[in-house]
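Colleague: I want to learn how to read a ligand site and a few single residues. Can you take me through one case?

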Amino acid sequence: MTITPSAAAILELACRMPKAELHVHIEGTLEPELAFALARRNGLILPYADEAALKAAYAFDSLQSFLDLYYACADVLRSEADFRDLMLAYLERAAADQVVHSEIFFDPQTHTARGIPFLTVLDGLTEGLRQGKARWGISGRLILCFLRHLSEEEAFATLAEAEPYLDRIDGFGLDSSEKGNPPSKFARLFARCHELGKPVVAHAGEEGPPAYISEALDLLGSARIDHGVRALEDDAVVARLVREGIALTVCPLSNIRLCVFKTMADHTLGKLLARGVKVTLNSDDPAYFGGYLNDNIRAVQAAFRFDAATWYRLAHNSFTASFATDAEKAGWIARLDAHFAAVGEVVPGPI
Ligand code: HPA
Ligand code: ZN
């Protein structure tokens with residue numbers, strides 16, 4: 001007799017499964033409580049009366065409307081201890097969601113433009129990663145993102161600042177305002193990142209057209225596509241993602257909050273999965289978009305009612321699409337298999 005697990009049991013399985021997060025901006029994990037605490041620590045006054053007033057400002061109608069607030073709030077981050085505490089707060093929440101590995105974006109230009117030294121940012125974040133690993137066993141890597149609304153020349157200056165510390169930087173990315181800032185603007189920069197021996201990723205196809213996804217692959221050599229949810233508008237792009245096994249780091253709650261899709265039921269992630277695209281789930285800017293990875297899982301499951309095999313696939317994708325070593329991936333996948341086996345779910349076999 002086959003027992004079909006209940007919807008509640010499948011949700012529990014998905015929330016408790018070990019998984020990786022591959023798309024989270026550390027500045028986007030700044031909760032209002034911490035923003036006010038850091039403002040107090042640094043003698044600053046936020047232009048909001050209290051946490052509730054700040055939260056009330058989280059009503060976005062586009063990526064840009066969010067970015068304006070996101071960059072303004074980042075102003076409370078001043079010292080190495082601030083960046084360390086920000087990282088620790090995120091890792092604690094991620095670990096509680098059974099995230100065992102996270103590849104974390106940071107935006108140095110947001111800070112260096114305000115006079116915060118690059119090394120203050122990097123030292124704080126790496127100290128947070130070190131303490132987080134010791135406390136919760138969570139593995140964390142840093143991906144340095146360039147802001148695409150700035151020039152390629154400015155990005156090259158940031159890369160030059162980063163070059164002495166490449167042992168602490170695991171990859172490079174491209175974020176910020178997508179429309180009007182195509183990947184092609186940064187082709188020379190990313191060629192240099194490849195010369196430095198680092199993997200690169202790029203946000204593409206969030207608000208921008210599917211052609212930006214092709215550009216990110218062809219001109220930047222992007223190993224994954226961050227978001228990529230507009231791929232479905234171009235069959236050739238979808239076919240290529242499937243053929244080349246390119247992962248999308250999809251952020252469902254982000255896409256709803258930034259009005260990329262009206263409701264979760266309108267989200268393309270189910271169709272992308274059904275077409276064979278290597279989808280992963282992520283939280284993007286969890287403090288601003290209504291939650292961390294398991295909140296995204298709950299929202300997705302409420303809309304799509306995936307079966308256990310689909311949740312297994314999503315977690316498996318998160319590991320295989322990561323920049324971890326083969327040995328690390330094998331260890332996490334063994335834990336994933338054990339998690340499914342423990343509740344009597346048969347693992348779908350080699351994927
Ligand atoms: N898109 C682009 N840039 C960003 C995002 C995003 O979702 N979050 C933080 N920076
Ligand atoms: Zn993002």
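Modeller: We start with the ligand and then go through single residues. Keep in mind that this is a predicted model.

Colleague: Which residues surround ligand 1?

Modeller: Begin with the list of neighbours. Here the shell holds H25, L63, F66, L67, Y70, D175, S176, H203, E206, H227, D284 and D285. Then sort them by character. They split into four nonpolar, four polar and four charged residues.

Colleague: Which element gives the largest share of the shell around ligand 1?

Modeller: Map the neighbours onto the secondary structure. Helix α4, residues 63-73, contributes the largest share, with four residues.

Colleague: Which protein atoms lie at short range from a nitrogen atom of ligand 1?

Modeller: Look at polar atom pairs, and keep backbone and side chain apart. A polar backbone atom of S176 is 2.8 Å from a nitrogen atom of the ligand. For E206, an N or O atom of the side chain is 2.8 Å from a ligand nitrogen. For D285, an N or O atom of the side chain is 2.7 Å from a ligand nitrogen.

Colleague: How much of the accessible area of ligand 1 does the protein cover?

Modeller: Take the area of the ligand on its own as the reference. That area is 260 Å², and the protein covers 100% of it.

Colleague: Where does ligand 1 sit?

Modeller: Check the ligand against the cavities. Ligand 1 sits in the largest cavity.

Colleague: Now backbone angles. What is the phi of D284, one of the shell residues?

Modeller: Look at the sign, then at the residue type. Phi of D284 is near 65 degrees, a positive value in a residue that is not glycine. D284 lies in the loop between β8 (278-281) and α14 (286-289).

Colleague: Is D284 buried or exposed?

Modeller: Compare the relative accessible area with the cut-off. D284 has 2%, so it counts as buried, the limit being under 20%.

Colleague: Where is C259, and what is its phi?

Modeller: Place the residue, then read the angle. C259 is in the loop between α12 (252-257) and α13 (269-274). Its phi is positive, about 65 degrees, and C259 is not a glycine. Its relative accessibility is 47%, so C259 counts as partly exposed.

Colleague: What does the side chain of S139 contact?

Modeller: Look for a polar partner. The side chain of S139 makes a polar contact with the side chain of H101, at 2.5 Å. S139 belongs to strand β3, residues 139-147. At 8% relative accessibility, S139 is buried.

Colleague: How far apart are I169 and I143, in sequence and in space?

Modeller: Set the two separations side by side. I169 and I143 are 26 residues apart in sequence, and their C-alpha atoms are 6.1 Å apart. I169 lies in the loop between α8 (152-162) and β4 (171-175). With a relative accessible area of 0%, I169 is buried.

Colleague: What about T126 and L142?

Modeller: Read this pair in the same manner. T126 and L142 are 16 residues apart along the chain, with 8.2 Å between their C-alpha atoms. T126 is in helix α7, residues 118-136. Its relative accessible area is 16%, so T126 is buried, being under 20%.

Colleague: And is A274 buried or exposed?

Modeller: Use the upper cut-off here. A274 has 69%, so it is exposed, the limit being over 50%. A274 is found in helix α13. Its C-alpha atom is 22 Å from that of Y212, which is 62 residues away along the chain.

Key
Residues numbered from 1 in each chain as written. Chains lettered and ligands numbered in written order. Predicted model: local features only at pLDDT ≥ 70, side-chain atom pairs only at ≥ 80, totals over all residues. Heavy atoms only, no water. Near = heavy atom within 4 Å. Polar contact = N/O pair within 3.5 Å; in protein donor to acceptor, adjacent residues only side chain to side chain. Areas by Shrake-Rupley, 256 points an atom, 1.4 Å probe, with all protein chains shown as cover. 1 Å grid on protein atoms, 1.4 Å probe; cavity = no way out; pocket = protein on both sides within 12 Å on 5 of 7 lines; lining within 4 Å. Sits in = over half its atoms within 2 Å of the grid points. Helix = DSSP H or I, 4+ residues; strand = E, 2+ residues; numbered from the N terminus. Nonpolar A, V, L, I, M, F, W, Y, C, P; charged D, E, K, R; others polar. Buried < 20%, exposed > 50% of the residue type's maximum accessible area, 1.4 Å probe, protein only.
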